[in-house]
Amino acid sequence: MRIVILDDYQDVSRDFEDWSVLDADIDVVTRPVTDTADLESLLAGAEVVVAMRERTVFDADRLSRLPDLRLFVTTGAANASIDLEAARAHGVTVCGTEAPRTATPELTWGLILSVLRQIPAEDARVRAGGWQETIGGDLAGSRLGVIGLGRLGSRVAAVGKAFGMDVVAWSQNLTAERAAEVGVRAVDKDELLATSDVVTIHYKLGERSRGLIGAAELARMKPNAILVNTSRAGLVDTEALLAVLADGRIRGAGLDVFDTEPLPGDHPMRRAPRTVLTPHLGYVTEETYRVFYPQAVEDIAAWTAGEPIRVLT
């Protein structure tokens, strides 16, 4: 049996689990997949593929080009980059893993503080022999606007309250009762954008939510507000965000997700002012990988024994 572990950019999958228990030929791919032909070449003869989250798309066309594939394991309990219906049609079992809920909310606060206090810029200034130049903002007494009050947004909201912030939230189906359970207040989207000092996005990307924050929404934000997105790049209109950053119409932005990943070297976001950019680190922690990779091995072993577990439907 040939197993291919895709998208292991840091070459750490074998550090977090002993794959030899599977008695299989295992290949680890540490670079991004460039295109469909590249993927087809990498996976030729592979019966099992393990993918890291949504780094590589497996749509119907790509799945049709992988006749040897029988088991697809994705880290996490869902993966929008996999066409599950097409996988079933091709006789491919798709299994997932559990995922800790703490890593992305923690990174969210790292980005909020980094933008608000301009930590990366001041760090670089000290290392270059300079001293303080910026004047940061304050969290206590300011308003945090949480777009999406699910399992991740709720954790971000709790930390905002600990900082002494006034926390409000919005999502399309959020009720006042659900918001009250988390100890925050539900408002409409326009009010959240117009009154929040920090806007953080924790929303599922879909056809209805794509472009959720566009030019009109960004125009409603306060001039001293910051936007943080650790969810999905498609929720924010990148061109519109670049424009408001260039014009100084918001304080800044912290981004962990991008339309194309890895972010191309010539992408204008790399030069955008008042930004802190991280390379999709939301789930990249030791704790998370100690769940992802061992459970991937469990999935493969169970499937090999004829009793697949954590099957995605």
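## Two domains and the area between them

About 430 Å² is buried between domain 1 and domain 2, and carbon and sulfur atoms give 47% of that area. Three residues, Pro32, Glu54 and Pro100, supply 55% of what domain 1 buries against domain 2, more than any other three residues. Why quote an area here at all? The size of an interface is often given as the accessible area lost when the parts come together.

Keep in mind that you're looking at a predicted model. Domain 1 takes in residues 2-100 plus 285-305, while domain 2 covers 102-277. Their C-alpha centres lie 31 Å apart. Across the boundary, eight residues of domain 1 are in contact with five residues of domain 2.

## A sheet of seven strands

Now pick out the open sheet: it has seven strands, in the order 8-7-6-9-10-11-12, and the pairing is parallel. Strand 8 (185-186) and strand 12 stand at the edges with a single partner strand each, so each has one side without a neighbour in the sheet. As background, strands of a sheet pair through backbone hydrogen bonds, either parallel or antiparallel.

Let's walk through some of the pairs. Strand 7 (residues 166-170) pairs with strand 6 over five bridges, in the parallel sense; here Val146 has Ala169 of strand 7 as its bridge partner. Strand 7 also pairs with strand 8, parallel again, over two bridges, and Val168 is matched there with Arg185 of strand 8. Strand 6 has another parallel partner in strand 9 (residues 198-201), with four bridges. In that pairing, Ile147 has Ile201 as its bridge partner.

## Strand 6: buried or exposed?

How many of the five residues of strand 6 are buried? Five of the five in residues 143-147 are, so the strand is largely enclosed by the rest of the structure. Look at which way they point: Arg143, Gly145 and Ile147 go one way, Leu144 and Val146 go the other way, and all are buried.

Follow the chain onward and you'll meet a right-handed β-α-β unit, made of strand 6, helix 7 (residues 151-162) and strand 7. Gly160 is a handy residue to look at in helix 7. Gly160 counts as buried because its relative accessibility is 0%, and the cut-off for buried is under 20%. Although Gly160 and Leu144 are 16 residues apart in sequence, their C-alpha atoms are 6.7 Å apart in space. Setting aside neighbours within four places in sequence, Gly160 is in contact with Trp109, Leu144, Met165 and Val167.

## Helix 11 and what covers it

Helix 11 spans residues 238-246, and its buried residues are Thr238, Ala240, Leu241, Leu242, Val244 and Leu245. What covers them? The cover includes helix 10 (215-220), strand 10 (226-229), strand 11 (252-255) and strand 12 (275-277).

Check the two ends of the helix as well. Asp237 caps the N-terminal end, with a side-chain oxygen 3.1 Å from the backbone nitrogen of Glu239. After the helix comes Gly248, whose phi is positive, near 70°.

Thr275 sits in strand 12. Leaving out neighbours within four places in sequence, Thr275 is in contact with Leu245, Ala253 and Met269. A polar atom of the Thr275 side chain also lies 2.9 Å from the backbone oxygen of Ala272.

## Some unusual backbone spots

Most residues other than glycine have a negative phi, and most peptide bonds are trans. With that in mind, which residues have a positive phi without being glycine? Asp7 is one of them, with phi near 60°. You'll find Asp7 in the loop between strand 1 (2-5) and helix 1 (13-16), and Asp7 is buried, with a relative accessible area of 0%.

His280 is another, with phi near 55°. His280 belongs to the loop between strand 12 and helix 12 (286-304). At 18% relative accessibility, His280 counts as buried, because the cut-off is under 20%. Finally, the peptide bond from Glu261 to Pro262 is cis, with omega near -5°, and Pro262 lies in the loop between strand 11 and strand 12.

Terms used:
Residues numbered from 1 in each chain as written. Predicted model: local features only at pLDDT ≥ 70, side-chain atom pairs only at ≥ 80, totals over all residues. Heavy atoms only, no water. Buried < 20%, exposed > 50% of the residue type's maximum accessible area, 1.4 Å probe, protein only. Pairing = 2+ DSSP bridges. Right-handed = clockwise from strand over helix to strand, strands pointing away. Contact = heavy atoms within 4.5 Å. Polar contact = N/O pair within 3.5 Å; in protein donor to acceptor, adjacent residues only side chain to side chain. Domains from an automatic or database assignment. Buried area = accessible area lost by both parts, 1.4 Å probe.
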